[in-house]
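Q: Got a minute to go through this one with me? I'd like the plain facts, one topic at a time.

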Amino acid sequence: MALLEFFGCAFLAFGPPLAMFLLTIAKDPIRIIILIASAFFWLLSLLTSSLLWLVAVTLHSPIVVGVIFSVLFQELFRYLIYLLLRKAEVGLKKLTESDTAIITNKNILAYVSGLGFGIISGTFSLVNVLADATGPGTVGLHGDSNLFFLTSALLTLCFILLHTAWGVLFFHALDKKKYLALVWVVMSHLLVSLLTLMNSSQLYLATILPAYAVLVVTGLWAAGAAGASFTSLKKCLTSPPTTVQVRIED
Amino acid sequence: MSSPRSSTSSNPPENGASLIPNERVPSRSNTNPALQERQQIPRELSRNPVDQDELEDEEELKYGAAHVIKLFVPVSLCMMVVVATISSVTYYTQKGIYLVYTPFHEDSPDTGTKVWNAVANAAILLGVIVVMTVFLIMLYKYRCYKIIHGWLIMSSLMLLFIFAYLYLGEVLRTYNIPLDYISLLFIMWNFGVVGMIAIHWKAPLHLQQAYLIFVAALMALVFIKYLPEWTTWVVLGVISIWDLVAVLSPRGPLRILVETAQSRNEPLFPALIYSSTVAYMAVMATDQSSTSNSTSNNETAANGPRSPTDGGFTPAWNQEAEQRTEARRHRVQAAAAEAPRAAPQPQPVTEEIDDDEEERGIKLGLGDFIFYSVLVGKASSYGDWNTTIACFVAILIGLCLTLLLLAIFRKALPALPISITFGLVFYFATSKLVAPFADSLTAQQVFI
């Protein structure tokens, strides 16, 4: 049972991100490097918030303080990686002549760095839980909810996808100077994170439903910002990939 | 552990500006005399007019990222083997037996005593490494190739047979799988012989790379098991400093080795280096040599208790390499006539300007693989996956930065210092600072 639960939760949380990675990122080395770099930035933000949390703990502050500051630090570091990527763009242009998509479509960089944030944050929240899921212990004997692993996995997935959407929206907002989207990113991040505080009192539905609602809103907004529309979606689903034939003349 | 791991070398084509300097390996034959020769041409000579340079730079960049990934994959694989072993096979985390080079066992509960024990152990180990490195260089300088090759073959033999045998035994024990001695003998013989052939002679590229990765992982496991707790951390720090000195200082042993090899127009010990392209063929000048040296040193150092196994496998290559070198020499002589040869370059930079280059690759010393894996493996031995992942990401980023520097400086660079520094910082930061925070978050299912 424990092993089944382990695999179930692991694939629930990391299956979709894994698919996204394999389909959209794995083929392009530069995207992989940017993914790892953004993961590194997320780690730095976590490190800063942990430092602050260490101080807060000695002052007996509740965990809310740590959560708020870590959300703010994450957004700060998202801004830093935005600056870094925009600066590096000139170099990237040289780097990726073979792959012009990354230059012409700025959303790709945003998507990759958002996914990098999401994957590392999801990993950090779930990996130790998963390691314990294989047993030999079991959850729920003392009146705790035995949905612990399942909800953790669901929320992890939600956060990974949210981070991806936040990444796209955040970069878009800064590029186009649409600060409403920027405010939405920070506020919704804060909101969802604070909502998860209710998990400790096992109000799982009260956490998960709003979190996924925010995900849908943010995801749609990000997709719209990146230029998606019903027609483009339909086109991408129905029409076969086009092959361009190039004639080589000798 | 020693020195060498210097690593990443790339021989950047002179023009390449990319992250990764690459070496271009001649396509068809390993030994391309021409390459070597070209390497020796001082860069300035070889430089073309600026515009062309720039064009080439751009071209290089395109390949750069792909080569970074070609190193990421094997490094990650090596770490994965080590982490998987450490977290499932308890044998490698049990303490009790130590290398002879680490006489102080940190048994005392007193922190001060532990610290000086660790420092003393690390100093002894480093001393051994330095002595072995110098010894190797003397052998090389006075052309005692037979001894070096014998040494390398012996070590690879022991690593592939004895350590692999112990490893297999422990894995079988952990998973409670019975195996009769006849099958075991059959498996070990085939594994070892194929490994020797793949490492020292020739084999499909992927097979060869797999053996190199496995051997590096085995060596890392040996270090994790036989070094006392704190000593491991001190050794990691000390080694990366030594790496820096040995590769970069004007009289650094690895640098001397590289220069000697260059002036002789021969590849050093190609076996100790992982190449993203065809390894054994690479004619590499600098990096390889440095790496190999280091590896060998490491091996020697490591062997202490059991055997000098570690580095071994690589050496074998040398033999092969020798033959190639000879062939190369012939060609080089021919080539030399046409190309104005500059005085041997003092720098380890290998440049090649090849017309027929087809592949460019980066080389990373196996020693680098070993110490990266030691760091990650050691981090995972405490059971906190967050720490392991943080170290992994930090090392990859360090490797990226090293490759970036490589692209800028285009000479052999030590691959340990940046990565290991990042790894150490993230290990201690994550386990002491982040873990309490992350644990309280996960316990309450709070997501950030």
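**Chat notes**

A: Let's start with one residue: Asp243(B) sits in helix α8 of chain B, residues 229-248. Helices here are DSSP runs of H or I, at least four residues, strands are runs of E, at least two, and both are numbered from the N terminus.

Q: Before we go on, what kind of model is this?

A: This is a predicted model; local features need pLDDT of at least 70, side-chain atom pairs count only at pLDDT 80 or more, and totals for chains, interfaces and linings use all residues. Residues are numbered from 1 along each chain as its sequence is written, while chains are lettered from A and ligands numbered from 1 in the order in which they are written.

Q: Back to Asp243(B): buried or exposed?

A: Asp243(B) is buried, because 31 other C-beta atoms lie within 10 Å. The cut-offs are 20 or more for buried, 12 or fewer for exposed, and partly exposed in between, with C-beta atoms placed from the backbone.

Q: Which residue is 174 residues from Asp243(B) along the chain, with a C-alpha separation of 7.2 Å?

A: That is Pro417(B).

Q: And chain B overall, how many helices and strands?

A: Chain B has 14 helices and 4 strands. Of its 448 residues, 57% count as buried.

Q: Switching to the interface. How many residues of each chain are in contact?

A: 41 residues of chain A contact 30 residues of chain B. Contact means that the C-beta atoms, placed from the backbone, lie within 7 Å.

Q: Which helix of chain A gives the most?

A: α2(A), with 15 residues on the side that touches chain B.

Q: What is that side of chain A made of?

A: It divides into 25 nonpolar, 14 polar and 2 charged residues. Nonpolar covers Ala, Val, Leu, Ile, Met, Phe, Trp, Tyr, Cys and Pro; charged covers Asp, Glu, Lys and Arg; the others, Gly among them, are polar.

Q: How do α5(A) and α13(B) pack?

A: At about 135°, with axes 8 Å apart. That makes α5(A) oblique to α13(B). Under 35 degrees is roughly parallel, over 145 roughly antiparallel, 65 to 115 roughly perpendicular, and the rest oblique. Axes are lines fitted to C-alpha atoms, for helices over the stretch in contact, and angles run from 0 to 180 degrees between N-to-C directions.

Q: Which residues of α13(B) take part there?

A: Trp385(B), Asn386(B) and Ile389(B) meet α5(A) residues including Phe124(A) and Asn128(A). That contact divides into 5 nonpolar, 3 polar and no charged residues.

Note on methods. Two residues are in contact if their C-beta atoms, placed from the backbone, lie within 7 Å.
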